[in-house]
Amino acid sequence: VDYVTFSGAGEPTLHSGIGEIIEFLRREYPSRKTCLLTNATTLVFDESLFEELRDVHLLVPSLDAATPESFAAVNRPAPEIVFEDFLESLVRLGRVAEGELHLEIFVVPGVNDSPEEIKAFAEAVSKIKPDKTLLNTLDRPGSESWVRPASSAKLAEFAEAIRPFSPVETIGRPAGAVEVGSVTLSDDGIVDRILEMVARRPCTALDVVNSLGVGEEVVARVVGGLVENGRVKLESLERGEFIVSC
């Protein structure tokens, strides 16, 4: 286990007991590191979170916009969330965090990747002072069909602007195929596991192979049947063909 990670289909800091859980893990499992993936908007309103999150070993907040206009377009915040307050809360989080802070930036071509936006991102990073900045872009079918992955040239442009203020890493693609194990599942079992996986997020056939440890030909046969039955569909993106829940 590398980290016990607070994540999921929702914002983890909305859980009223997150501070108690972090403290429990710190006390009962001191050898285990904790990680929090967060959109960080709750920090604007909940003062107690700065203290509760202080001891998390790795904080990964998102900064998907560097101006109020792109913040409204990408994040679609509740009306009471003001961009300047949000940015200031990230700056404060960077100051109080005892562990590492990795700032994740999601690049949306045509929305937050203009030269002016890139400059504003660099200025924001210089204030937040993260231990690392993670550049991310679309790697699987998004919730909006018009969103497309950023080019490697555009990501390099971001990296060049940000690197004077923070180490930069480009994420979003798998590290590579892993060795397939010897797990044996019935077709019914594979069906259930695949449906569970794609209900959480779209996956490629290789993602399924690597996760379940079964052969590519088995996954192809099962997925083909699921497509014919209308339980999943296939959608092509730059990284390949994704299995998407219907």
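1. The largest nonpolar core in this predicted model has 41 residues. Leu53, Leu59, Leu63, Ile105, Ile128 and Phe158 are the ones with the most contacts inside it. Two or more residues each come from α1 (18-28), α2 (48-52), α4, β4 (100-106), α5 and α6 (152-162). The largest share, seven residues, belongs to α4. As general background, nonpolar side chains in soluble globular proteins tend to be buried together.

2. Leu63 is a handy place to start looking around. Not counting neighbours within four places in sequence, Leu63 is in contact with Phe86, Leu87, Leu90, Leu103, Glu104, Ile105, Phe106, Phe121, Ala124 and Ile128. Of these partners, Ile105 and Ile128 are also named among the residues with the most contacts inside the core.

3. Apart from that core lies another one, of 18 residues, including Val191, Cys203, Val232 and Ile243. Val191 is worth selecting together with Val222: their C-alpha atoms are separated by 6.7 Å, while the two residues are 31 apart along the chain. Val222 sits in helix α9 (residues 216-228), and it counts as buried because its relative accessibility is 6%, under the 20% cut-off.

4. If you check backbone angles, two residues deserve a friendly flag. Arg76 is not a glycine, yet has a positive phi of about 50 degrees. You will find Arg76 in the loop between α3 (68-74) and α4 (83-96), and its relative accessible area of 52% makes it exposed.

5. The other is Lys129, also not a glycine, with a positive phi of about 60 degrees. Lys129 belongs to the loop joining α5 (115-128) and β5 (132-136). Buried or exposed, which is Lys129? Lys129 is exposed, because its relative accessibility is 62%, over the 50% cut-off.

Notes:
Residues are numbered from 1 along each chain as its sequence is written. This is a predicted model: local features need pLDDT of at least 70, side-chain atom pairs count only at pLDDT 80 or more; totals for chains, interfaces and linings use all residues. Side-chain values use heavy atoms; hydrogens and water are left out. Helices (H or I, at least four residues) and strands (E, at least two) are DSSP runs, numbered from the N terminus. Buried means under 20% relative accessible area, exposed over 50%, partly exposed in between (1.4 Å probe, protein chains only). A nonpolar core is a set of buried Ala, Val, Leu, Ile, Met, Phe, Trp, Tyr and Cys residues joined through side-chain atoms within 4.5 Å. Contact means heavy atoms within 4.5 Å.
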